[in-house]
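User: Please take a close look at one part of this protein, the pairing of its strands, and work outwards from there to the contacts and surroundings. I would like one connected account rather than a list.

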Amino acid sequence: GGIVLIKIRLTDDMELRKEIIEKLKANDGYCPCALVKTPDTVCMCKEFRDMEEGTCHCGLYVKEKIDKE
């Protein structure tokens with residue numbers, strides 16, 4: 001088996017990126033999509049950190065697996 005790298009990047013959607021970052025600032029760094037403010041909902045939220053790959057709930061971050069041989 002090869003090495004699997006995990007790449008985390010911001011969404012390519014610049015409008016969404018700007019909107020979510022502004023909401024994060026207004027929400028003291030907590031996910032603007034979360035209903036409660038807990039350590040698990042501080043951006044990057046626990047739900048996203050625990051994902052193997054995919055997009056966070058807000059759509060700001062994307063996690064991708066990259067296979068290295």
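Analyst: **The sheet and what surrounds it**

Strands E1 and E3 pair in the antiparallel sense, over eight bridges. One of the positions involved is Val-4, whose bridge partner in E3 is Asp-67. This is a predicted model, and the values that follow are computed from it.

The pairing of E1 with E3 is part of an open sheet of three strands, ordered E1-E3-E2, with antiparallel pairing. The edge strands are E1 (3-10) and E2 (54-55), each of which pairs on one side only. E3 covers residues 61-68, and in the order E1-E3-E2 it stands between the other two. Strands of a sheet pair through backbone hydrogen bonds, either parallel or antiparallel.

Where does this sheet fit in the chain? The protein has two helices and three strands, and along the sequence they follow the pattern β-α-α-β-β. The order in the sheet, E1-E3-E2, therefore does not simply repeat the numbering of the strands from the N terminus.

Side chains on the two paired strands also make contact. Glu-64 forms a salt bridge with Arg-9, and their closest N and O atoms are 3.2 Å apart. This pair links distant parts of the chain, as Glu-64 lies in strand E3 and Arg-9 in strand E1, 55 residues apart. Side chains of opposite charge can pair when their charged atoms come close.

Are these two residues buried or exposed? Glu-64 counts as partly exposed because its relative accessibility is 26%, above the 20% under which a residue is called buried. Arg-9, at 24% relative accessibility, also counts as partly exposed. The contact extends to a third residue: Arg-9, Asp-12 and Glu-64 are linked in a network of salt bridges. Over the whole structure, a search finds six salt bridges.

Lys-65, also in E3, connects the sheet to another part of the chain. Lys-65 forms a salt bridge with Glu-52, with the closest N and O atoms 2.7 Å apart. Glu-52 sits in the loop between H2 and E2, 13 residues from Lys-65, so this pair too links distant parts of the chain. Lys-65 is partly exposed, at a relative accessible area of 37%, whereas Glu-52 is exposed, at 55%.

The loop that holds Glu-52 also holds Met-51. Met-51 is 13 residues from Glu-64 in sequence and 10.0 Å from it in space, C-alpha to C-alpha. With 22% relative accessibility, Met-51 counts as partly exposed.

Helix H2 (residues 46-50) has a salt bridge within it. The residues are Asp-50 and Lys-46, whose closest N and O atoms are 2.5 Å apart. Because they are four residues apart in the helix, about one helical turn separates them. Lys-46 is partly exposed, with a relative accessible area of 32%.

Back at the sheet, E3 also takes part in a nonpolar surface patch. Ile-3, Leu-5 and Ile-66 make up this patch, which has an area of about 250 Å². Ile-66 lies in strand E3, while E1 spans 3-10. At a relative accessible area of 32%, Ile-66 is partly exposed, so it passes the 30% that a patch residue must exceed.

The other helix, H1 (residues 14-26), has 13 residues, which should span 18 Å at 1.5 Å a residue; the end C-alpha atoms are 18 Å apart, in agreement. The N-terminal end of H1 is capped by Asp-13, a side-chain oxygen of which lies 3.2 Å from the backbone nitrogen of Glu-15. Just after H1, Asp-28 takes a positive phi of about 60°.

Thr-41 belongs to the loop between H1 and H2. Its relative accessible area is 12%, so Thr-41 is buried. Thr-41 and Glu-22 are 19 residues apart in sequence, with 16 Å between their C-alpha atoms in space.

For the protein as a whole, buried residues make up 22% of the 69 residues. The C-alpha atoms fill a box of roughly 45 × 25 × 15 Å, taken along the principal axes.

How values were computed. Residues are numbered from 1 along each chain as its sequence is written. This is a predicted model: local features need pLDDT of at least 70, side-chain atom pairs count only at pLDDT 80 or more; totals for chains, interfaces and linings use all residues. Side-chain values use heavy atoms; hydrogens and water are left out. The expected span of a helix is 1.5 Å times one less than its number of residues. A polar contact is a pair of N or O atoms within 3.5 Å; within protein, one must be able to donate a hydrogen and the other to accept it, and residues adjacent in sequence count only if both atoms are side-chain atoms. Patches are made of residues with over 30% relative accessible area and no salt bridge: like charges are joined within 9 Å, nonpolar side chains (Val, Leu, Ile, Met, Phe, Trp, Tyr) within 5 Å. Accessible areas come from the Shrake-Rupley method with a 1.4 Å probe; for residues, only the protein chains shown count as cover. A salt bridge is a side-chain nitrogen of Lys or Arg within 4 Å of a carboxyl oxygen of Asp or Glu. Buried means under 20% relative accessible area, exposed over 50%, partly exposed in between (1.4 Å probe, protein chains only). Two strands pair if DSSP finds at least two bridges between them.
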